[in-house]
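Got the structure open in your viewer? Let's take a walk through it, one selection at a time.

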Amino acid sequence: MTEQELKIQEKKAAQLSGEQTKNELYFAPHVDIYETDQEVIVIADMPGVVTDDLDLSLEDSILTIQGRRLPPAQSGRLILEEYETGHYLRRFTVAETIDQERIAASLTDGVLTVRLPKIQPLQPRKIEVQIG
Amino acid sequence: MTFVRFTDRPPFRNPWAEFERIRQGLDELSRTYIERGKGQGLANVYPALNMYEATDRLVITAELPGVKVDNLDLSLEGDTLTLQGKRDRRQSESGISYHRREIEAGSFSRSIALPVKVDPEQVDARLANGILTITLFKASAATPRQIKVNAE
């Protein structure tokens, strides 16, 4: 199987709800979102973010993913700059009813995985009729 | 009404002054454009790199989300640094439906020429939280030497 070659994906500025007072860059992370019978899974590329600086919230069915990134260590004069570093922010409206208590998230190799379990509709209960 | 005194005018008009003014304006425009668009579109081979130079070392950083250490290869040959690796496609489970697919999987290979001679024995590379940091120490011939000035 021949593998496709990775291309540079342009970083897009995130849509902020208001203007920032600080002049900081926010990018919208690239995401994959998919759905199984049980859950909705969101995968986001957020290189440079550590778990402590990650903020996740689900409010009024709006999922907000926010990651603050440490400023790159100043290690001399910048002689080549092909990418910019900034924080990450992206919001989604989740249509399904999500079980807020069981949301799980993990961060590995700069990739965030959020699992949003759906609330299962009540199973119709079978009532067995005993023959007396 | 502003009153322009005759003496405020230059003694004779330079016919090229207007061109000069336009040129300066264009220079300024392209400068701000470059500053704004910096980092975008400069590189066309993955991954995009940032390079820092200190007196004794070069630091190269790249964003490689989802790339495992085992799938990353670095090699240094003379002044050429080569980065190779791949990002695995996730196991696609059965019975899933995609809403969005923006993350790509695949392999990459990039070589860059280093601006200075480096010591091949002293290379440090680490991958943490999806950020690769390569520290290369300059060869002793390329490090600036302090020259002491003696007073007589």
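Start by selecting chain B, which has one helix and eight strands. Keep in mind as you go that this is a predicted model. Follow chain B along its sequence and you'll meet the pattern α-β-β-β-β-β-β-β-β. Chain B has 152 residues, and 30% of them count as buried. Of the contacts in chain B with a separation of 6 or more, 55% are between residues 24 or more positions apart.

**Stop one: a cis bond in chain B**

Next, select Tyr46(B) and Pro47(B). The peptide bond joining Tyr46(B) to Pro47(B) is cis, with omega at about -5°. To place it, look in the loop between α1 (17–36) and β1 of chain B, where Pro47(B) lies.

**Stop two: where the chains meet**

Now show both chains together. How many residues of chain B are in contact with chain A? The count is 50 residues of chain B, touching 43 residues of chain A. About 4400 Å² is buried between the two chains, and carbon and sulfur atoms give 49% of that area. Pick out Tyr52(B), Glu63(B) and Glu102(B): these three supply 14% of the area that chain B buries against chain A, more than any other three residues.

Switch on the side chains and look for charged pairs. There are seven salt bridges between chain B and chain A. One to zoom in on is between the side chains of Lys68(B) and Asp109(A), at 2.8 Å from N to O. Polar contacts across this interface come to 25 residue pairs. Which strands of chain B each supply at least two residues of the side that touches chain A? Select β1 (49–53), β2 (57–63), β4 (80–87), β5 (97–101) and β6 (106–113) to see them. If you colour that side of chain B by residue type, you'll get 23 nonpolar, 13 polar and 14 charged residues.

**Stop three: strands paired across the chains**

Go to β7 of chain A, residues 77–81. This strand runs antiparallel to β1(B), and four bridges join the two. For a landmark, find Arg77(A), which stands opposite Glu53(B) in β1(B).

**Stop four: Gly106(B)**

Stay with chain B and select Gly106(B), in strand β6. Is Gly106(B) buried or exposed? Its relative accessible area is 2%, under the 20% cut-off, so Gly106(B) counts as buried. Turn on what surrounds it: leaving aside neighbours within four places in sequence, Gly106(B) is in contact with residues from chain A, including Glu3(A), Gln4(A) and Leu6(A), and with Gly85(B), Lys86(B) and Arg87(B). Try a distance between C-alpha atoms here: Gly106(B) and Arg87(B) are 19 residues apart along the chain, with 5.3 Å between those atoms.

**Stop five: Pro29(A)**

Hop over to chain A and find Pro29(A), in the loop between β2 (26–28) and β3 (31–35). Pro29(A) is buried as well, with a relative accessible area of 2%. Beyond its neighbours within four places in sequence, its contacts include Ala44(A), Asp45(A) and Met46(A). Tyr88(A), Leu89(A) and Arg90(A) are also among them, as is Glu102(B) from the other chain.

**Stop six: a covered strand**

Select β4 of chain A, residues 39–45. Seven of its seven residues are buried. Look along the strand: Glu39(A), Ile41(A), Ile43(A) and Asp45(A) point one way, while Val40(A), Val42(A) and Ala44(A) point the other.

What pairs with β4(A)? With β3(A) it forms a hairpin, with three residues between the strands. That pairing is antiparallel, over five bridges, and Glu35(A) has Val40(A) as its bridge partner. β4(A) also pairs with β10(A), again in the antiparallel sense, over seven bridges. There, look for Ile43(A) and its bridge partner, Thr113(A).

**Last stop: two aspartates with positive phi**

Finish with two loops of chain A. Asp60(A) is in the loop between β5 (54–59) and β6 (62–67). Its phi is near 45°, a positive value in a residue other than glycine. With 71% relative accessibility, Asp60(A) counts as exposed.

Then return to Asp109(A), the salt-bridge partner of Lys68(B). Asp109(A) is in the loop between β9 (104–108) and β10 (111–117), and its phi is positive too, near 50°. Asp109(A) counts as partly exposed, at 26% relative accessibility.

Definitions and conventions:
Residues numbered from 1 in each chain as written. Chains lettered and ligands numbered in written order. Predicted model: local features only at pLDDT ≥ 70, side-chain atom pairs only at ≥ 80, totals over all residues. Heavy atoms only, no water. Contact = heavy atoms within 4.5 Å. Buried area = accessible area lost by both parts, 1.4 Å probe. Salt bridge = Lys/Arg side-chain N within 4 Å of Asp/Glu carboxyl O. Polar contact = N/O pair within 3.5 Å; in protein donor to acceptor, adjacent residues only side chain to side chain. Nonpolar A, V, L, I, M, F, W, Y, C, P; charged D, E, K, R; others polar. Pairing = 2+ DSSP bridges. Buried < 20%, exposed > 50% of the residue type's maximum accessible area, 1.4 Å probe, protein only.
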